[in-house]
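Reader: Hi! I'm new to this, so could you pick one part of this protein and go through it with me slowly?

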Amino acid sequence: MAILLKNGFCLSGHNEWVTTDLLIEDGKIRAKGLALEDVRINGNLEIIDCADKLIAPGFVDVHVHFREPGFTHKETIQTGSLAAARGGFTTVCAMPNLDPVPDNVSDFLDIEQRIEKDAVIDVCQYAPITKSLRSEMLVDMAALKEAGAFAFTNDGVGVQTAGTMYLAMKKAKELEMSIVAHTEDESLLFGGCMHHGVQSEKLGLPGILSATESSQIARDCLLAEETGVHYHVCHVSTKESVRVIRDAKRAGVNVTAEVCPHHLILTDAAITSDNSQFKMNPPLRAEEDRLALIEGLLDGTIDCLATDHAPHHADEKALSMIEAPFGIVGSETAFALMNHHFVKTGIFTLQQVIDWLTYKPARLFKLPVGTLDIGARADITVLDVEKQYEVNEQDFASKSYNTPFLNQTVTGQVLYTFSNGQKVWDEQEERS
């Protein structure tokens, strides 16, 4: 069956809105323009009225946690991919901090088979940099690339040994693969559970130094310069990190970076009690850090948005800040949060936000998605950018709802998501 998205709007450079129809057939964008009902198609045609709605490329998230295998009480590939679809994402990249860690071909292929069976969108699976996510022994990177690894990362922990990271970068460069880094010097953690600052002292909670993150980025940027590898920094959170990445880019280092909506919106000042819904890694930082992240996005130091979707069971998040796990969900709220807090306030344009969620992450990792070009794969999201609603726990498609944005009003709802031409989310149908 062919699908015609009728009377919608596309963004066409300089934040300009252009009225258009979009014809989907055989998993591809067949035609784009006006009055496309007359285009000859094979089989039946479903027409979806998109009047006053934005038709955008399917979103791309290079940083999610789907928890399967090992932690399926938090999330599964099926629920995680459905949550991503609800948020408008059609391509996501899943982290390898699982049980077992997919640090060998057999365990990696087991996850690939699960993805093939259960995912409703495209899921690219990361392989770890080291065995068991420890910092001593590299995985067989060539074999894991052959098995289908998207890139290499130890997300959840930093690679603690400079020599190990150097060897990993050297091998990844040889294989034309990317190193994606959760940057965290464990010797600087000191048991911290939130940002080290006035608020942590006021609450009597151990703080996490900004240097815990930025010092390892500085190390890695120099190693990336030495090896020439594509080095991508996960969830940047501090002003010092932005400065280091900016300086490295100016020096010609092949470094890119992502930032999460929660670090752009909230600061540690939002943590007024021992509430683990605000516990994430890296933590919410100070206002000066938040402003530096916004500046970094605007000047190109930070390349794209990512969610770091990190679901946890409600019982785990009911624990204290010290005991609870780090992480919040993000797939289902990313666009609405960015639209509400930044587009509607005039800080970012809608075009910028869409680019940071589509074309730019796809380009960084050479993914063949992120556009609405004729002939492109039909990965599409249709949005009502004016729709306001409240973030409620009962609405989540994810198994988890651990987020500090619960019960807050946001603006911008995903109405439909199409992956490879198949409708994988229909807001009206799912909520009826």
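Author: UniProt positions are given here in the numbering used for this chain, with feature names shortened, and such annotations may be inferred rather than shown by experiment. With that in mind, let's look at what the record marks. This is a predicted model, where local features need pLDDT of at least 70 and side-chain atom pairs count only at pLDDT 80 or more, while totals for chains, interfaces and linings use all residues. Residues are numbered from 1 along each chain as its sequence is written, and side-chain values use heavy atoms, leaving out hydrogens and water.

Let's start with Asp308, where UniProt (an unreviewed entry) places the feature "active site". You'll find Asp308 in the loop between β15 (304-305) and α10 (314-317); helices (H or I, at least four residues) and strands (E, at least two) are DSSP runs, numbered from the N terminus. Asp308 counts as buried because its relative accessibility is 10% (buried is under 20%, exposed over 50%, partly exposed in between, with a 1.4 Å probe and protein chains only).

So who sits around it? Setting aside residues up to four places away in sequence, Asp308 touches His63, His65, Asp155, His235, Cys260, Asn281 and Ile328 (contact means heavy atoms within 4.5 Å). With His63 there's also a polar contact, side chain to side chain, at 2.9 Å. That term means a pair of N or O atoms within 3.5 Å; within protein, one must be able to donate a hydrogen and the other to accept it, and residues adjacent in sequence count only if both atoms are side-chain atoms.

Now for the other annotation. The same kind of unreviewed entry gives "binding site" for His65, Phe66, Arg67, Asn97, Asn281, His312, Phe326 and Gly327. Two of these names, His65 and Asn281, also turn up among the residues that Asp308 touches.

Let's zoom in on the two phenylalanines. Phe66 lies in the loop between β6 (59-64) and α1 (77-86), and it is buried, with a relative accessible area of 2%. Not counting neighbours within four places in sequence, Phe66 is in contact with Glu75, Thr76, Ile77, Gly80, Ser81, Val92, Val123 and His309.

Phe326 belongs to the loop between α10 and α11 (334-343). Phe326 is partly exposed, as its relative accessible area is 29%. With the same neighbours left aside, Phe326 contacts Gly192, Cys193, Ile208, Lys279, Met280, Asn281, His312 and Lys317. Asn281 and His312 carry the "binding site" label too, and Asn281 touches Asp308 as well.
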